[in-house]
Amino acid sequence: MKVAGETSAHAHHHLRRHTARLLGTGLAGGGLVLAATLLFAGGGDDSWALAARHTARFSALWFMVAFVAGPLARITRASWARVLVRERRGIGLGFCAAHTVHLAAILLWLGHGGEADAATLAGGGLAYLFLLAMAATSNDAAVRRLGARRWLALHTVGQFYLWLIFAQTYLGRVLAPDARPVHLALAVGMAAAMGLRLFTVLTRFDRRRSA
C-alpha cells in the first residue's frame with residue numbers, strides 16, 4: 001500500500017510539473033508572438049492591431065487542441081490522444097496564459113487608438129470571465145468544492161462559448177474581401193473541432209439508447 005501511495009504521489013507531482021511547463025509555454029509563446037509582431041511590424045499604429053490578431057491566432061491553436069483532446073481519444077483510441085487527455089489541464093492553462101497575452105495586446109491596441117464596438121467588448125469580456133473561472137477551477141480541490149456536475153457544467157459551457165467567439169471571428173472573416181489563407185485554415189479548424197465534439201456526443205447518445 002505504501003509503495004502504491006508513493007507511486008501515485010510521484011505521478012501526481014509529475015503531472016503538476018507538466019502542467020506548470022505547459023502554462024509557462026503558453027505564456028512565453030504568446031509573449032514571443034507579441035514581441036516579434038511589434039518588432040517586425042515597424043512600430044507603427046498598425047503594429048498594435050497586428051499584435052492583437054497574431055496573439056489571437058496563437059491562442060486559438062491552444063484552444064483547439066484542448067477542445068478536441070477528449071473526442072480524439074474516444075475516436076482514435078491512440079496513445080498520443082490519451083496523452084493529450086492526460087495533459088488537458090495543462091493545455092487548457094497554457095491556452096489561458098496565451099489568451100491573457102492576447103488581452104494585453106488588445107489593451108495596447110485600444111490604448112494606441114484602436115476602436116471596438118460595445119457588442120464586441122461585451123462578448124469578449126464574457127469570454128474572459130469564463131476563461132478566468134475555468135482557470136481558477138482547474139484543480140482537484142475546485143472539483144471537490146463545486147461537485148463534479150457543476151464543475152463539468154461550468155467548463156462545458158465555457159468551452160462552447162469560447163468556441164463560439166473564435167468561430168464567429170474566423171468563420172466571419174472567410175467571406176470578407178481581405179480574407180487570407182490563415183482565416184480559412186482557422187475557420188476550417190474550428191468547424192472540424194465542433195464536428196468532432198458533436199460526433200462523439202451523438203455516438204455516445206446512440207450507444208446509451210441502444211443499451
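## Ground rules

A polar contact here is a pair of N or O atoms within 3.5 Å; within protein, one of the two must be able to donate a hydrogen and the other to accept it, and residues adjacent in sequence count only if both atoms are side-chain atoms. Helices (H or I, at least four residues) and strands (E, at least two) are DSSP runs, numbered from the N terminus.

This is a predicted model, where local features need pLDDT of at least 70 and side-chain atom pairs count only at pLDDT 80 or more, while totals for chains, interfaces and linings use all residues. Residues are numbered from 1 along each chain as its sequence is written, and side-chain values use heavy atoms, with hydrogens and water left out.

## The overall picture

The protein comes to eight helices and zero strands, so from the N terminus on, the elements simply read α-α-α-α-α-α-α-α. Of its 211 residues, 33% count as buried; buried means under 20% relative accessible area, exposed over 50%, and partly exposed in between (1.4 Å probe, protein chains only).

Take the contacts (heavy atoms within 4.5 Å) with a separation of 6 or more: residues 24 or more positions apart account for 71% of them. On the outside, the protein exposes about 12,700 Å², and carbon and sulfur atoms supply 67% of that. These areas come from the Shrake-Rupley method with a 1.4 Å probe; for residues, only the protein chains shown count as cover.

## Helix H5 and its two faces

Helix H5 covers residues 118-136. At 1.5 Å a residue, its 19 residues should span 27 Å, and the end C-alpha atoms are indeed 27 Å apart. The expected span is 1.5 Å times one less than the number of residues. At the start of H5, a side-chain oxygen of Asp117 reaches to within 3.1 Å of the backbone nitrogen of Ala119.

Which residues of H5 are buried? They are Gly123, Ala127, Tyr128, Phe130, Leu131 and Met134. They cover an arc of only 160° around the axis, so they sit on the same side of H5; the arc is that of the directions from the helix axis to the C-beta atoms. These buried residues pack against helix H4 (88-111) and helix H7 (148-174). The face turned away from them carries the exposed residues Ala118, Ala122, Leu129, Leu132 and Ala136.

## Two salt bridges

A salt bridge means a side-chain nitrogen of Lys or Arg within 4 Å of a carboxyl oxygen of Asp or Glu, and by that rule the count is two. In one of them, the side chains of Asp140 and Arg89 meet at 3.1 Å, N to O. That pair links distant parts of the chain: Asp140 belongs to helix H6 (residues 140-146) and Arg89 to helix H4, 51 residues apart. Asp140 is partly exposed at 35% relative accessible area, and Arg89 is partly exposed at 33%.

Asp178 and Arg173 also meet in a salt bridge, at 3.3 Å, N to O. Asp178 is partly exposed, with a relative accessible area of 44%, and Arg173 counts as partly exposed at 26%.

## A spot on helix H1

Is Thr37, in helix H1 (residues 2-40), buried or exposed? At 8% relative accessibility, Thr37 counts as buried. Leaving aside residues up to four places away in sequence, Thr37 touches Ser47, Leu50, Ala51 and His54.

Ala36 lies in H1 too, and Ala36 is partly exposed, with a relative accessible area of 28%. The C-alpha atoms of Ala36 and His54 are separated by 9.9 Å, with the two residues 18 apart along the chain.
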